[in-house]
Amino acid sequence: MKYRLLFQFFILFFTCNSIAQNGISSVALKGATLYDGNGESIQNAVIIINNDKITHVGNSETEIPENTQIIDVSGKYIMPGLVDAHIHFFQTGFFDSRPDAADLRDSIPLEEVIKYQKNNPERYYQSYLRSGITAVYDVGDYMWTLDFQKNNDMNPLAPHTASAGRLITPAPEQMIGIFDVNGESTFVHLGSEEQGRNAVRENSKAGTTGIKIWGFSPGDEEFLKNINAVAEEIKNQDNKMIAHATNLSEAKMAMKLGAELLVHSVEDTLIDDEFIQLMKANKTIYNPTIVVARGYYNTFKAVLGEDFVIDDQNQVVDSKTRHMLENAAEFRKILSEERVEAMEGGLETMDEGLKKRKKNMLANLKKVYDEGGTIVVGTDAGNPGTLHGISYYNEIEAMQEAGIPPSDLIVMATRNGALAMERLDDFGTLEAGKIADLIVLEKDPSANISNLRSISHVMRKGILRNVRDAEDFKN
Ligand SMILES: [Zn+2]
């Protein structure tokens, strides 16, 4: 109760911007077990925050300066804000943004969907923050996400955002053209060296964090020539290659070209020594995205009439997304008879395929872990069935299932994510000088990573908010 009152008091200070008037310059969270994101922990910790920065992290012997608001968080757990290292703001979590998977455009025009995504990211910001995620990496999207990258750092109601902008792909123009709306696209076709170089230059000039290559074709001479030019231009521009390469041969090709971030597991087979060597030589970061494919399966089933389960105890999923998924079966009549039949007929095969792929993904993740690779947590949120914010828990639980100890998952979820975003100097760990982004949990995440679900508060930019209270995230 005392904590609650103090907390409300604290919130009042910040929301009224009245710290200075009240003579209070800083805040200390005292008594929790603290995980710093580097792999260390402190019992009975004291963390001092001045405005939006961490000024001190120490144990119970820390001297707390005068005029510091002390908040007793004894018995709780503190760790850095989580980083989702793989999301897409243009995607809604349903098929309306993925006509390539199930075409609903006759009833919901893609132009409208994308326009809405561009103009209303706040609902996702809230879902992210209230899930404990204080930074997200959009690894492929329309160029308007660069505005989010630019603006979100200063916004305490948004997660830090990095954006890779448009993806470069060898996929045929008629296939990617489906995403050309409102005069923009998420893809640039890689049809020549010049096309590739221009895309890299334009993205880099716009300030993208990385250049994402979607699809690799080992053995295709034409592709090889073009992608070599792209790889060279990425180096010229001092940018980095991000790769969507889900087969072993493609992933190895990507790393030979210098890929520094693999945004998916290798899922067709078990990785080999050459893969490990390339990964080490390049210091390539590995993002497994284990649950996203199952999300498609669940969403197909929802369209065919089964309930879509949204495991959302704090009600952080926005009403639009919720409504869409809860009424997914309504969209069945919009789809062609052939599409519905194909969906129904394909479910069993899809289920079997998913099980096999998951087995490979878990084994490969464990291998990368055992070999000392750098691993991040990224959900691919926005894809059908993978909801912004809450899907993070499912993803990290799947990583735990692979055999990674929760104490190491904490580092992957925080420090490594910030590293992938090239923002480790600013956040990702709890250290003096870093931005005050952290979460407060009721249960110990190092005992079981599912305890991330026991989140009670999130601090972003020095402002602590109660994740169970949507009103707390209004201003
Ligand atoms: Zn993705």
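## Salt bridges

A salt bridge is a side-chain nitrogen of Lys or Arg within 4 Å of a carboxyl oxygen of Asp or Glu. Glu471 and Lys474 satisfy this criterion in the present model, which is predicted, with their side chains meeting at 3.2 Å, N to O. Glu471 is exposed, at a relative accessible area of 56%. Over the whole structure, a search finds 35 salt bridges.

A further salt bridge joins the side chains of Asp312 and Arg322, with an N to O distance of 2.5 Å. This pair links distant parts of the chain, ten residues apart: Asp312 belongs to the loop between helix H10 (292–303) and helix H11 (319–326), whereas Arg322 belongs to helix H11. Both Asp312 and Arg322 are buried.

## A network involving helices H6 and H7

The side chains of Glu232 and Arg197 also form a salt bridge, at 2.8 Å from N to O. Because Glu232 lies in helix H7 (residues 221–236) and Arg197 in helix H6 (residues 193–206), the pair ties together parts that are 35 residues apart in sequence. The two partners are assigned to separate accessibility classes: Glu232 is partly exposed, with a relative accessible area of 43%, while Arg197 is buried, with a value of 15%.

The contact between Glu232 and Arg197 belongs to a network of salt bridges that links Glu194, Arg197, Arg201, Glu232 and Glu233.

## The zinc site

Which protein atoms serve as donors of the zinc ion? They are NE2 of His86, NE2 of His88 and OD of Asp380, lying 2.0 to 2.2 Å from the ion. Along the chain, the donors follow the spacing H-x1-H-x291-D.

Both histidine donors are classed as buried: His86 has a relative accessible area of 0%, and His88 has a relative accessibility of 6%.

## Aromatic contacts

The structure contains 15 aromatic pairs. One of them is formed by Phe94 and Phe95, in a tilted arrangement with 5.6 Å centre to centre and 45° between the planes. Phe94 and Phe95 are both buried.

Ring pairs also build a cluster, whose members are Phe89, Phe90, Tyr125, Tyr142, Trp144, Phe148, Phe179, Phe187 and Trp214.

## Charges over rings

Two contacts combine a charged side chain with an aromatic ring. In one, the charged end of Lys320 is placed over the ring of Tyr116, at 4.3 Å from the ring centre. In the other, the charged end of Arg465 sits over the ring of Phe473, with a distance of 6.0 Å to the centre.

Note on methods
Residues are numbered from 1 along each chain as its sequence is written. This is a predicted model: local features need pLDDT of at least 70, side-chain atom pairs count only at pLDDT 80 or more; totals for chains, interfaces and linings use all residues. Side-chain values use heavy atoms; hydrogens and water are left out. Helices (H or I, at least four residues) and strands (E, at least two) are DSSP runs, numbered from the N terminus. Buried means under 20% relative accessible area, exposed over 50%, partly exposed in between (1.4 Å probe, protein chains only). Donors are N, O and S atoms within 2.8 Å of the metal (3.2 Å for Na, K and Ca); water is not among the atoms, so sites may look incomplete. Rings of Phe, Tyr and Trp (its six-membered ring) pair if their centres lie within 6.5 Å; planes under 30 degrees apart count as stacked, over 60 as edge-to-face and the rest as tilted. A charge sits over a ring if NZ of Lys or CZ of Arg is within 6 Å of the ring centre and within 35 degrees of the ring normal.
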